[in-house]
Number of protein chains: 2
Amino acid sequence: MNMRERILLTAASLFESRGIHASGVDTIIAESGIAKATLYKHFPSKNLLIVAYLRDKSDRFYEWLNSRLSSKKANSLDILVELCELVEQWIMTPEFHGLPFHIASVEFPDPTHPINQYSAVLAVELQGYLSKIAAEAGAKDPEALGQQLTILFEGAALVERLSPGIGAAKRAKNAALTLIRASI
Amino acid sequence: MNMRERILLTAASLFESRGIHASGVDTIIAESGIAKATLYKHFPSKNLLIVAYLRDKSDRFYEWLNSRLSSKKANSLDILVELCELVEQWIMTPEFHGLPFHIASVEFPDPTHPINQYSAVLAVELQGYLSKIAAEAGAKDPEALGQQLTILFEGAALVERLSPGIGAAKRAKNAALTLIRASI
DNA sequence: TAACATAAAGACAGGTCTGTTCATTTATTT
DNA sequence: AAATAAATGAACAGACCTGTCTTTATGTTA
């Protein structure tokens with residue numbers, strides 16, 4: 001019965017299946033079975049709902065990843081190998097519909113728009129996260145490797161979404177492994 | 001005074017700076033200085049204008065690329081190296097605002113929508129183009145390398161667009177060169 | 001000059017969008 | 001059981017959307 005959560009879940013599902021602009025507030029309230037005033041009480045504007053959705057999705061992703069990575073010991077490329085496997089899994093889950101902050105940045109391309117800016121923040125966050133792991137793993141240039149992995153994963157997410165079943169995630173994983181091995 | 005071309009140019013500029021959904025027909029005609037009836041004569045619907053825009057952008061890209069690649073001789077990785085340089089240049093031009101079929105596929109996520117389907121066609125086209133060059137260059141598994149390069153380039157386009165000046169295109173190029181060298 | 005095609009300008013219909021408001025009903029808490 | 005808080009349902013405003021249509025103006029060709 002948690003309203004906020006119910007709204008976020010419905011919004012996420014709609015944003016990802018129909019797009020953000022194409023998901024009207026009326027549709028969100030109809031689909032989640034709540035009143036319009038309730039939505040606007042929890043999220044004073046649609047933009048703030050979108051930002052909350054982006055934050056929520058990011059949190060869940062890192063939570064999911066951390067819970068599976070923490071057991072590996074540092075100073076070994078094993079962490080990176082494990083990371084690649086997990087990202088491949090993540091992309092291949094049926095619920096995956098592309099990186100949310102990608103979708104958001106494409107739908108709000110104006111760099112001065114708050115949603116575009118927040119998307120950029122989340123993108124930098126992802127890059128920092130991957131670079132940190134690369135550093136822990138002992139990569140020669142962690143910053144470079146982290147960014148390359150980011151590019152690979154974001155690209156794979158896109159290609160897999162646009163051409164499902166083509167195996168983009170697996171190919172990206174193999175490319176990532178090649179890059180990792182070359183970065184010792 | 002070519003109306004069709006003028007409409008396409010204005011539409012492209014608006015689609016890329018504001019997004020497709022956010023660029024109304026009224027804005028397109030106001031910006032291009034033509035009458036609404038003229039637009040609907042050349043493009044019977046906005047969807048068909050979008051498709052024409054996607055086709056046009058793709059054509060121009062391959063034209064640009066081919067005119068710079070044709071001089072290189074085959075059966076040498078030099079073609080692929082040259083290709084990477086060119087793609088980096090392409091991404092770094094100020095007019096670049098992301099791959100058009102990406103933007104389109106994100107804004108029209110429904111797989112049954114004609115624009116999403118056409119975007120998928122263009123994505124496959126790009127992959128085939130890169131695989132063909134990889135084959136001509138003598139790569140071991142041209143299909144695999146072509147797809148990996150696709151993923152890298154599409155990822156770099158996204159990251160560069162979302163975080164301009166971060167050097168994503170260059171990093172992607174270096175990653176591509178590593179993959180190319182590993183694919184002999 | 002006369003006939004014809006093309007473009008302009010703008011009103012219009014029917015729909016959707018975000019966000020506000022208000023009276024009524026349902027929950028929760030003391 | 002009484003008082004407070006939260007959610008509902010519905011109507012509303014003002015703006016924007018695509019696509020059609022009509023009238024007036026501008027060229028172009030015979």
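This short talk goes through a predicted model of two protein chains with two DNA strands, beginning with how the chains are related and ending with a few single residues.

Let me start with the pair of protein chains. If you rotate chain A by 180° with 0.0 Å of shift along the axis, chain A superposes on chain B with an RMSD of 0.0 Å, and that is the relation of a two-fold axis. In chain A, the C-alpha nearest to this axis belongs to Gly155(A), which lies 1.8 Å from it. As for the way the chains meet, 100% of the interface residues of chain A are also interface residues in chain B, so the copies meet through the same surface.

Now let us turn to the DNA, and to strand C to begin with. Which residues come closest to DNA strand C? There are 14 residues surrounding this strand, and the closest are Val25(A), Lys36(A), Lys46(A), Ala35(B) and Thr38(B), a list that takes in residues of chain A and of chain B. Looking at the strand's own atoms within 4 Å of the protein, 65% belong to sugar or phosphate, while the rest belong to bases. Some individual atom pairs make this picture concrete: a polar side-chain atom of Lys36(A) is 2.6 Å from a base oxygen of DNA strand C, whereas Thr38(B) places a polar side-chain atom 2.9 Å from a phosphate oxygen, and Gly33(B) uses a backbone N or O atom, 3.4 Å from a phosphate oxygen. The elements giving two or more residues to this surface are helix H2 (25-32) and helix H3 (36-42) of chain A, together with helix H3 (36-42) of chain B. Sorted by class, the surface near DNA strand C has 5 nonpolar, 5 polar and 4 charged residues.

We can now ask about the other strand: which residues come nearest to DNA strand D? Of the 15 residues around DNA strand D, those are Ala35(A), Thr38(A), Val25(B), Lys36(B) and Lys46(B). Here 64% of the strand's atoms within 4 Å of the protein belong to sugar or phosphate, and the rest to bases. An N or O atom in the side chain of Lys36(B) is 2.7 Å from a base oxygen of DNA strand D, while a polar side-chain atom of Lys46(B) lies 2.8 Å from a phosphate oxygen, and a polar backbone atom of Gly33(A) is 3.4 Å from a phosphate oxygen. H3 of chain A, together with helix H2 (25-32) and H3 of chain B, are the elements that give two or more residues to this surface.

Moving away from the DNA, is helix H6 of chain A enclosed or open? In this helix, residues 100-107, 8 of the 8 residues are buried, so helix H6 is largely enclosed by the rest of the structure. Among these buried residues are Phe101(A), His102(A) and Glu107(A). What covers them includes helices H1, H4, H7 and H8 of chain A, and also helices H6 and H8 of chain B.

I will finish with two contrasting residues. Ile184(A), in the segment after helix H9 (168-181) of chain A, counts as exposed because its relative accessibility is 63%, and, leaving aside residues up to four places away in sequence, Ile184(A) touches Leu77(A) and Lys140(A). Cys84(A), on the other hand, counts as buried, because its relative accessibility is 1%. Finally, the structure holds 0 disulfides over all chains.

Key. Residues are numbered from 1 along each chain as its sequence is written. Chains are lettered from A and ligands numbered from 1 in the order in which they are written. This is a predicted model: local features need pLDDT of at least 70, side-chain atom pairs count only at pLDDT 80 or more; totals for chains, interfaces and linings use all residues. Side-chain values use heavy atoms; hydrogens and water are left out. A disulfide is a pair of cysteine sulfur atoms within 2.5 Å. Buried means under 20% relative accessible area, exposed over 50%, partly exposed in between (1.4 Å probe, protein chains only). A residue is near a molecule or strand if one of its heavy atoms lies within 4 Å of it. A polar contact is a pair of N or O atoms within 3.5 Å; within protein, one must be able to donate a hydrogen and the other to accept it, and residues adjacent in sequence count only if both atoms are side-chain atoms. Helices (H or I, at least four residues) and strands (E, at least two) are DSSP runs, numbered from the N terminus. Ala, Val, Leu, Ile, Met, Phe, Trp, Tyr, Cys and Pro count as nonpolar, Asp, Glu, Lys and Arg as charged, and the others, Gly among them, as polar. Copies are superposed by least squares on the C-alpha atoms of residues with pLDDT of at least 70 in both. Contact means heavy atoms within 4.5 Å.
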